[in-house]
Amino acid sequence: MNTGAGDRPVLEVDGLSVDFTVRKRQVRILSDVGFSIGRGETLGIIGESGCGKSMTALSLMGMVPSPPGRISAGRILLNGEDLCAASESRMRAIRGRNISMIFQEPMTSLNPVYTVGNQIAETIRRHKGLSGADALAEAVDLLRLVHIPAPDKRVSAYPHELSGGMRQRVMIAMALACEPDVLIADEPTTALDVTVQAQIFDLLREIQDARGTAIVLITHDFGAVSEMADRVIVMYAGHKIEEGSLDEVSDDARHPYTQGLLRCMPEIRARARERRQPLPEIPGVVPDLLKGLTGCPFASRCPSAMDRCRELPPSFALAPQRAVKCWLADASAAPGEQPA
Amino acid sequence: MSEAQEPTVPPVRFDDPADVPEVRWRVTAAMFYGNKAAVLGIAVLAAILLVGLFGPLLLQADPFAIVGAPLTAPGELRPLGTDYLGRDVLAGMIHGTRPTLIVALSATAFTVVIGLSVGAVAGFYGGRIDNLLMRITEFFQVLPPLVFAMVIVAIMGAHFMTVIIAIGVTTWTNLARLTRAEFLKIKEREFVLADRAIGVRDSRLILRVLLPNALPPLIIAVTLQTGLTIIYEAALSFLGLTDPDIMTWGKMIGLSRDFFFDAWWSVTFPGLAILLTTLCIALIGDGLNDAFNPRLRGR
Amino acid sequence: MSAEPLVRVENLNVHFQMPRPHLLAPRPVLHAVDGVSFEIARGRVLGLVGESGCGKTTSGLALLRLVAATGGRVLFDGTDILALDAEAMRGMRRHMQVIFQDPYSSLNPRQTAGDIVRAPLDTQGVGSAAERAARVDELFALVGLRSNQKALYPHQFSGGQRQRICIARALALTPDFIVCDEPVSALDVAIQAQILNLLCKLQDELNLTYLFISHDLAVVQHICDEIAVMYLGSIVEKADNAALFENPRHPYTRALLSAVPSRRTPASATRIRLEGDIPNPIERPDGCRFHTRCPHAQARCRTEAPALTEDRPGHWVACHFSNELDAAADD
């Protein structure tokens, strides 16, 4: 599946920071986030609500609500072109054609007063300049691609006439209309039932294999990431705190937050032996970014917090595409600086 | 009941956001007084009320007395001029304040009581009760309100009280529909289910749970309604269907309407008084609404 | 099981009359819950799992009379609560409580946390004012909130803290039985663990009985003693925790289990793939409700609805071919 090993990455993000002005104060929602994705690769971005994962997606799409937000630093290179420097009209051309996005709630992302065929055809017309009839024919093909039964009939259905799973398929068809290089999937299955979620994952994988689309999967569910992703980044309070391959993060998590997150998730076990044992918790709650953080954002909840954590750790690279933003990973640390 | 579990304390303590408990009425009052527009509204309305209460004692003139030449422009002797019969506009304004406010507030109170009750019961219980109440509401809605009010006044006679009842009976429908819509929406929220699960009685659910949550749009509707009742009263006065012995702002406008281009003052000053009163009530309503909404506190 | 169960649901039905599609058409009926029966022994946790629209939440609300049941009996400690008059039911509510999914909409935004937790005591007239105030403090401590947070409003709390307030409210009247309707689904994973641990701890300490409604099988496996799987308004399989997860017997249960993405076994290769979506509960398929998506469906399934039968001790399943499928699975 991963064909992007040697190639130049499709998407490179470097030092991305987003600031919001809240009550006349600057609040950093996203701090120095960087990653890259190759063709045909899937990157999972995982974190809790408010960790900045959706803001990352909006930044990639050039859709940071402004005001109050703005990209204050960093570069987003799509096929070598810096999207942060692109004009709004250039961005409109790129959105949908080179990079597109599917959202969590397909009902609110589709316009209820147009048929799904019309909505897909509109995208095709805009980017490919096809005539109405040709665009509609292509919409039928796309619905067939995403395995919607009787696509020639469904093309004239309204969103409310479709089930949740079908609507998400329509969203995917729309996102794929112009064969984008990068598909951003923001919690694509959170609103769906598990059996339907499995169908959507199958579909995304199938399309990726056929077209080599790079997928950015944004989710809070480690199960979904394990299912889909080649590589994972973990976010917390706007920081990328850990990056690595799926196996590295899953089996050898280095950041205390990642470790805590993995431990506290109940998982289905074949044997019910450990049932009712208390789950390991992460105490406390996510910090309020409005209060202005200094130091490591996880320190107040971290079991290994030490004095040094009053200072924000840099991202320590352990290997190529493997990094941890935690003082514990600092190889040069003095031996005395161990957790209390 | 045992003690709480040991809170897990991280070895190094960093920021602990302190939650400052607030004293409720004080915060509400502070919130209200922090709203300059609402305070201004209170001040101006208080002034108008004072005029209504004590004005007639200070200016002991008969508003119906002909004191000078008709259509005299505002001047030294008659600060607001005279109307087409030569009656003093200032005297009319001052003596008309009290009846105008009484009509407006009583008729609005009438509207609020009927409208909220019908809307709340229909929205809360739904089903057949809702159906019946909504058909009744529609019956009142399709009647042209002014014509209906005229019929009532014509039957019951042009007394002060009948005017209040006539206005109230014909204007409650909007408020009923709005209340019902809000109740239908809020009824579905889980906190209402949770209250039913602890055995809260229907009457308390309606008055203490649903109503406070339905208030924001209702307060705005009621303030608009107050302005509307003053206008209705004016319309009834214009048609000669109000008590002929009582002067109101609406009556002044109604009677002098045809002389607007000859004597703008005879219409404009009572009109401004109505506008000012309505505006003050709207500002106060807005301020109260914000002050009672916990979400807006601390902003 | 010799003791009388605390909760016993017999043939519960909840049917909703839908609006007519046009003037002369008959009113369609939505069979939200159709012949559901189960019992829960005191101090145990029954899990009710299924996908959206399967009727699990409606079942939970119906047995608290928060939704009107159209048929069946709900015996609570031997009393049929569906037959009680309004005043008797009000008294009964002391013993049975509910925790909802969405901690944002289940708290009145215009009440303080302290008032919310005190409301059950006020409503049921428990104790003096001073005793109630003391009880609220006790409840706050019990669920891990500080008592100086009493004067705060719901929007000033995080999701997990709000769910703690909901739990405190549910516990105020020292109920025996709590319906937990997806209590952790709306919370972040790190917070889910906190709330699940709290629910387990409280159950042990206070000897509570839970009906735990969830779509999340991992959570259900963690907390429940017994599990019932629902599909389109009916229970298709019911067994104790170990039996259900080690040896699922209904094709739907198997598909559901295999569809859950897991960190340890990303088993997309061995997954049982269900075709299509859950049918509309207004136009349910005839015969076995699951036959439209079942990989093993045969002619009989299309016409004849299988009954829920206990063909192994404690393991109930509603499938014509469960034994044949068991044999096939063992190979």
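**Exercise 1.** Work out how many residues of chain C are in contact with how many of chain B, and which element of chain C gives the most.

*Solution.* Start with the count: 31 residues of chain C are in contact with 24 residues of chain B. Contact here is a C-beta to C-beta affair, with the two atoms placed from the backbone and lying within 7 Å. Keep in mind that this is a predicted model, where local features need pLDDT of at least 70, side-chain atom pairs count only at pLDDT 80 or more, and totals for chains, interfaces and linings use all residues. Residues are numbered from 1 along each chain as its sequence is written, and chains are lettered from A in the order in which they are written.

Next, look at the elements. On chain C, two or more residues each come from β6 (96-99), α3 (113-124), α4 (129-142) and α6 (189-206). Helices (H or I, at least four residues) and strands (E, at least two) are DSSP runs, numbered from the N terminus. The top giver is α3(C), with 4 residues.

Last, sort by class: 13 nonpolar, 10 polar and 8 charged. Ala, Val, Leu, Ile, Met, Phe, Trp, Tyr, Cys and Pro count as nonpolar, Asp, Glu, Lys and Arg as charged, and the others, Gly among them, as polar.

**Exercise 2.** Do the same for the side of chain C that touches chain A.

*Solution.* Here 37 residues of chain C meet 37 residues of chain A. The elements giving two or more residues are α6, α7 (217-223), α8 (241-246) and α9 (251-259) of chain C. α6(C) gives the most, with 7 residues. By class, you get 18 nonpolar, 11 polar and 8 charged.

**Exercise 3.** Split chain C into its domains and describe how they touch.

*Solution.* The assignment, from an automatic or database source, gives domain 1 (7-95 + 175-330) and domain 2 (101-174). Their C-alpha centres lie 29 Å apart. The contact takes 14 residues from domain 1 and 14 residues from domain 2.

On the domain 1 side, β7 (177-181) and α6 of chain C each supply at least two residues. α6(C) has the largest share, 5 residues. That side divides into 9 nonpolar, 2 polar and 3 charged residues.

**Exercise 4.** Pick out what Val216(A) touches, leaving aside residues up to four places away in sequence.

*Solution.* Skip those sequence neighbours, and Val216(A) touches Ile37(A), Leu43(A), Ile45(A), Ala57(A), Val182(A), Ile184(A) and Ala185(A).
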